[in-house]
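Biologist: I would love a close look at one part of this model, taken strand by strand. Could you walk me through it and then show me how the rest of the picture connects?

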Number of protein chains: 2
Amino acid sequence: MWVQGILLVIGLWGSHDFGVAASSCGAQAEAHPGYDICEVGVAPSRDERRVWDISHAYTPDMPVWDSPEGLGDYLWLAYSMKNGSLANNSEMKMGTHTGTHVDAPGHVFQEYYEGGFDVDTLDLKVLNGHALLVDVPRDTNITAKVMEALNIPRGVQRVLFRTLNTDRRLMWKRQFDTSYVGFMKDGAQWLVDNTDIKFVGIDYLSVAAYDDLIPSHLVLLKSKEIILVEGLKLDGVDPGIYSLNCLPLRLVGAEGAPIRCILMD
Amino acid sequence: MWVQGILLVIGLWGSHDFGVAASSCGAQAEAHPGYDICEVGVAPSRDERRVWDISHAYTPDMPVWDSPEGLGDYLWLAYSMKNGSLANNSEMKMGTHTGTHVDAPGHVFQEYYEGGFDVDTLDLKVLNGHALLVDVPRDTNITAKVMEALNIPRGVQRVLFRTLNTDRRLMWKRQFDTSYVGFMKDGAQWLVDNTDIKFVGIDYLSVAAYDDLIPSHLVLLKSKEIILVEGLKLDGVDPGIYSLNCLPLRLVGAEGAPIRCILMD
């Protein structure tokens with residue numbers, strides 16, 4: 001059944017990336033007992049699913065929280081072939097809430113921080129699955145009224161909120177800008193009370209509007225069931241439903257972590 | 001067709017995680033023109049695909065290359081609520097080849113380093129797709145003879161090589177151990193010449209055996225088409241075929257990057 005499922009999935013997408021030449025299967029089957037490597041596919045072909053990278057590249061010019069100066073030189077070549085090393089080896093230093101990143105409950109709740117609710121406790125099943133990309137009206141923060149008007153159906157667990165931040169290309173500007181768009185406290189409360197959303201993604205460094213910075217975070221993180229991914233790169237993607245993969249670094253004890261996220265159709 | 005595909009995929013997996021209550025669809029359809037949110041599913045249900053985390057957590061006691069002392073204190077709380085900050089904010093410092101990580105061609109080729117073949121050029125389609133987890137015989141490095149005996153079919157693009165390193169739990173030991181298992185140069189050359197593998201994953205800090213450290217890396221990275229993921233956590237997973245997602249940080253200019261990888265069935 002599993003193999004049949006894979007074959008059907010492959011058929012549905014019109015292509016696959018794990019073809020096995022049928023003629024070469026006899027010997028391989030013996031070398032791989034316990035699973036049916038010969039029936040995965042019948043011929044090599046390319047994976048034609050589209051991929052959108054919705055993470056920002058880390059660069060010295062990217063904005064960091066509350067600073068006019070940007071990230072700066074976070075990366076350096078500690079061992080260099082040019083200077084006689086066998087290989088090049090870079091080192092890095094940055095805040096865990098830099099660029100595209102995730103917040104864990106310990107970010108704004110001291111008791112959760114002390115209780116170990118770090119980024120390594122975040123549920124991979126929430127971070128990976130189908131997601132809805134929506135456009136937020138461009139003239140407002142995300143209030144209860146805005147959330148209601150977005151009309152996100154019950155059952156939708158992951159939403160990427162694209163806002164004026166993307167149009168203004170704030171994540172491409174070195175200087176931190178407090179006028180970014182985010183959740184007001186009542187918008188956060190509406191989300192908690194009236195949706196099934198467990199993954200909130202947004203296109204600047206905080207899901208919360210600057211004026212409701214801590215209150216909105218508190219509302220969203222209190223249950224420890226909602227994951228916040230901030231600093232997403234949401235330009236150039238149509239609104240709609242995608243397959244989302246978000247994988248943060250396993251920084252044990254940290255209340256934030258750099259994360260890489262992609263969409264596939 | 002797209003929506004039908006999704007519905008069928010959902011059916012195949014026997015469950016889904018993006019159900020939308022049919023009764024609530026009228027108003028939502030108006031709020032989400034351009035894609036058919038109401039036909040994605042008919043009722044909420046849980047995603048029952050299994051997930052295996054094949055990345056190691058970053059801890060002070062994890063091994064780092066050629067050191068007896070391990071990673072040490074790579075993470076610190078720069079801003080602490082306990083000390084009056086509005087939120088907890090940690091910072092981190094580490095080598096880019098720490099823990100579960102990826103090598104880019106610039107790691108061992110100076111001309112590739114200078115040419116910009118950094119981790120941000122690595123193909124997301126190679127890093128994400130079906131992968132084969134195989135057990136390598138426990139009494140040997142990965143030589144041409146071993147590679148031949150593994151009998152990996154043409155068409156297989158991604159392979160996770162589980163070795164004695166996993167049995168010895170080397171990634172759980174602070175002290176770096178040069179006796180780990182990896183590719184000898186002839187094994188690397190056999191892979192390049194006789195397989196379609198573009199993703200090589202292994203369970204200690206280098207794909208290359210210590211005695212062939214640079215030669216094996218050179219053979220594998222020369223074409224710039226093979227991605228090396230090192231320091232994977234491959235215990236507790238059956239050999240076989242999985243859906244693999246590997247997402248490295250977008251460290252522009254870096255020849256290595258921390259990466260998070262998961263398997264799903």
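Modeller: Happy to. This is a predicted model, and a good place to begin is strand S7 (residues 199-202) of chain A, which is covered on both faces. On one side A:Phe199 and A:Gly201 are buried, and on the other A:Val200 and A:Ile202 are buried too. That pattern is easy to read, because in a regular strand the side chains alternate between the two faces of the sheet.

S7(A) also has partners along its edges. Strand S6 (residues 158-162) of chain A pairs with S7(A) in the parallel sense, over 4 bridges. If you want a spot to click on, A:Phe161 stands opposite A:Ile202 of S7(A). Strand S8 (residues 227-230) of chain A is also a parallel partner of S7(A), this time over 3 bridges. Here A:Phe199 has A:Ile227 in S8(A) as its bridge partner. Helix H8 (residues 213-221) of chain A joins in as well: S7(A), H8 and S8(A) make a right-handed β-α-β unit.

Now let us turn to another sheet, where the two chains meet. This open sheet has 4 strands in the order S2(A)-S3(A)-S3(B)-S2(B), with antiparallel pairing. Strand S2 (75-79) of chain A and strand S2 (75-79) of chain B stand at the edges with a single partner strand each, so one side of each has no neighbour in the sheet. On average, neighbouring strands here are turned by 25 degrees against each other, direction ignored. Within chain B, S2(B) and S3(B) pair antiparallel over 4 bridges, and B:Tyr79 has B:Asn89 of S3(B) as its bridge partner. Across the chains, strand S3 (residues 89-95) of chain A runs antiparallel to S3(B), and 5 bridges join them. One pair to look for is A:Gly95 with its bridge partner B:Glu91 in S3(B).

The contact between the chains takes 80 residues from chain A and 81 residues from chain B. Strand S3 (residues 89-95) of chain B gives the most to its chain's side, with 7 residues. By class, that side of chain B has 40 nonpolar, 28 polar and 13 charged residues.

Finally, the symmetry. Chain B superposes on chain A after a rotation of 180 degrees with 0.0 Å of shift along the axis, at an RMSD of 0.0 Å, and that is the relation of a two-fold axis. In chain B, the C-alpha nearest the axis belongs to B:Lys93, 2.1 Å from it. The same surface serves both copies, as 99% of the contact residues of chain B recur in chain A.

How values were computed. Residues are numbered from 1 along each chain as its sequence is written. Chains are lettered from A and ligands numbered from 1 in the order in which they are written. This is a predicted model: local features need pLDDT of at least 70, side-chain atom pairs count only at pLDDT 80 or more; totals for chains, interfaces and linings use all residues. Two residues are in contact if their C-beta atoms, placed from the backbone, lie within 7 Å. Ala, Val, Leu, Ile, Met, Phe, Trp, Tyr, Cys and Pro count as nonpolar, Asp, Glu, Lys and Arg as charged, and the others, Gly among them, as polar. Two strands pair if DSSP finds at least two bridges between them. Copies are superposed by least squares on the C-alpha atoms of residues with pLDDT of at least 70 in both. Axes are lines fitted to C-alpha atoms, for helices over the stretch in contact, and angles run from 0 to 180 degrees between N-to-C directions. A residue is buried if 20 or more other C-beta atoms lie within 10 Å of its own, exposed if 12 or fewer, and partly exposed in between; C-beta atoms are placed from the backbone. A crossover is right-handed if, with the strands pointing away from the viewer, the path from the first strand over the helix to the second runs clockwise.
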